[in-house]
Amino acid sequence: MMLALLLARAGIDVVLIEKHGDFLRDFRGDTIHPSTLAVIQELGLLDEFLRLPHQRVTSLSGNLGDTTVRVADFSRLPGRCKFLAFMPQWDFLDFLAARARQYPNFHLHLQTRAHALRFDGDRVAGVWAETPDGELEIRAAVTVAADGRDSVLRASAGLVPMTVGAPMDVLWLRLTKRASDPHETFGYVRGGRIIALIDRGEYWQCAYVIAKGTFEELRGQGIEGLQSSIAATVPFLADRTGELQSWDDVKLLTVRVDRLRRWYRAGFLCIGDAAHAMSPIGGVGINLAIQDAVAAGNRLAPKLLRGALTTADLAAVQRRREFAARATQALQVFIGRNVIGRVLEAGHSPLLARVPRVARALPFLPRVLGRVVAFGLRPERVRT
């Protein structure tokens, strides 16, 4: 959606297809980092965007048993937005779609599912899609796959991701939030269990972390077992775990960390999770995808306007974005193996146990980590 908006405002004819009839999907990532807010500001849309309902988080803390440690502080970030914003992804997408529709060369097709690439020899020349009215052929100078970690178009292009690894899966659920609850996003680590809470105003969006492949075992213990585990890990939620009446109230996110060795072929480019699936650690997936979109827009727009786009331009997008994706994945894998994996397997992590002592010795560290989380490793600026 962001790439389509950037290309449309540059004067390029864009077709964006979405297989559903709207963007209303629950438990999508809703974290909008300052790097993305900076892009929205560069587009002149920030004031309007921030009028949409959202929650702001100025710091991230972790509760380690009886000790609370501030992990990241965003209050001293450069720029206007010194916070993470949490907004339902469907609101974000609707907002961008409404702005893109102001350009007559932007075309959004809902209920349209791309199922295969269209080839002209070895070059990708568009897609074949299914609609309520039948088969649709869309021809394009370049086709961009932003269809996620199970990308159909990536498979059609013959691009196969390499697995980097993740020791965990996540159960998404929601519980009522009360005025007396803490109002910042917290991660709770207690008794070999990990739960992250995201403040969504009227409710907590909860991420209950489990060892990879153990969902069926946990499910076999009944919903009562999950209720008890949540209460033991986050005591202030004990009086409302009964809101989880069955496993229908819980959604499993199978975590994958993988990436393509090559993101492109002639006439075709992958971005976002289609190019590099991220772990939920840090909530950075959306923001890396947005940065991919900005880099792609910056590089592709002038070439498309001149009719001079080459495969080398698609390779340049990968070169620009690959370091940030690989380095972020490496950090996620390190945390996954040495912190999350250790806690889930052995009940503790030596590295995590040192965090309170390090925090006391290096009081500036939350500001440093806050900047890394906020902007990532290579933030992009809109140049179209």
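What follows is a tour of selections to make in the viewer, with a description of what each one shows.

The structure is a predicted model, in which local features need pLDDT of at least 70 and side-chain atom pairs count only at pLDDT 80 or more, while totals for chains, interfaces and linings use all residues. Residues are numbered from 1 along each chain as its sequence is written, and side-chain values use heavy atoms, with hydrogens and water left out.

**Aromatic rings**

Begin by selecting Tyr188 and Phe236, whose ring centres lie 6.2 Å apart with planes at 65°, so that the pair is edge-to-face. Here rings of Phe, Tyr and Trp (its six-membered ring) pair if their centres lie within 6.5 Å, and planes under 30 degrees apart count as stacked, over 60 as edge-to-face and the rest as tilted. The structure holds six aromatic pairs. This pair links distant parts of the chain, since Tyr188 belongs to strand β14 (residues 186-190) and Phe236 to the loop between α7 (223-233) and β17 (251-253), 48 residues apart; helices (H or I, at least four residues) and strands (E, at least two) are DSSP runs, numbered from the N terminus. Tyr188 is buried at 6% relative accessibility, whereas Phe236, with a relative accessible area of 23%, is partly exposed. In these terms buried means under 20% relative accessible area, exposed over 50%, and partly exposed in between (1.4 Å probe, protein chains only).

Extend the selection to Phe186 and Trp204, which form one aromatic cluster with Tyr188 and Phe236. Adding Lys177 then shows its charged end over the ring of Trp204, 5.5 Å from the ring centre. A charge sits over a ring if NZ of Lys or CZ of Arg is within 6 Å of the ring centre and within 35 degrees of the ring normal. Elsewhere, select Arg99 and Phe95: Arg99 lies over the face of Phe95, at 4.1 Å from the ring centre.

**Nonpolar cores**

Next select Met2, Leu37, Phe49, Phe268 and Leu269, which touch the most other members of the largest nonpolar core, a set of 65 residues. Such a core is a set of buried Ala, Val, Leu, Ile, Met, Phe, Trp, Tyr and Cys residues joined through side-chain atoms within 4.5 Å. Centring the view on Leu37 brings up its contacts with Ile32, Leu46, Phe49, Leu50, Cys81, Phe83 and Ala85, leaving out residues up to four places away in sequence; contact means heavy atoms within 4.5 Å. Apart from the largest core lies another, of 29 residues, among them Leu84, Ala207, Val209 and Leu352.

**Salt bridges**

Turn now to Arg200 and Asp30, which form a salt bridge whose closest N and O atoms are 2.5 Å apart. Arg200 lies in the loop between β15 (193-199) and β16 (203-211), and Asp30 in the loop between β1 (14-17) and β2 (31-32), so the pair ties together parts that are 170 residues apart in sequence. Arg200 is buried at 7%, and Asp30 is buried at 9%. A salt bridge is a side-chain nitrogen of Lys or Arg within 4 Å of a carboxyl oxygen of Asp or Glu, and by this rule the count comes to 21.

For another setting, select Glu137 and Arg139, whose side chains meet in a salt bridge at 3.2 Å, N to O; Glu137 is partly exposed at 32%, and Arg139 is exposed at 60%.

Then move to Asp313 and Lys303, joined by a salt bridge of 2.7 Å, N to O. Asp313 lies in helix α9 (residues 311-346) and Lys303 in helix α8 (residues 285-306), so the pair ties together parts that are ten residues apart in sequence. Asp313 is buried, with a relative accessible area of 1%. Leaving aside neighbours within four places in sequence, Asp313 is in contact with Arg299, Leu300, Lys303 and Ala308.

**A three-stranded sheet**

Select β11, β20 and β19, which in that order make up an open sheet of three strands with mixed pairing. Two strands pair if DSSP finds at least two bridges between them. The edge strands, each pairing on one side only, are β11 (143-145) and β19 (264-265). Between β11 and β20 (residues 268-270) the pairing is parallel, over three bridges, and Thr143 has Phe268 in β20 as its bridge partner.

**A backbone detail**

Finish at Gln111, in the loop between β7 (106-109) and β8 (113-120). Phi of Gln111 is near 50°, a positive value in a residue other than glycine, and at 47% relative accessibility Gln111 counts as partly exposed. Most residues other than glycine have a negative phi.
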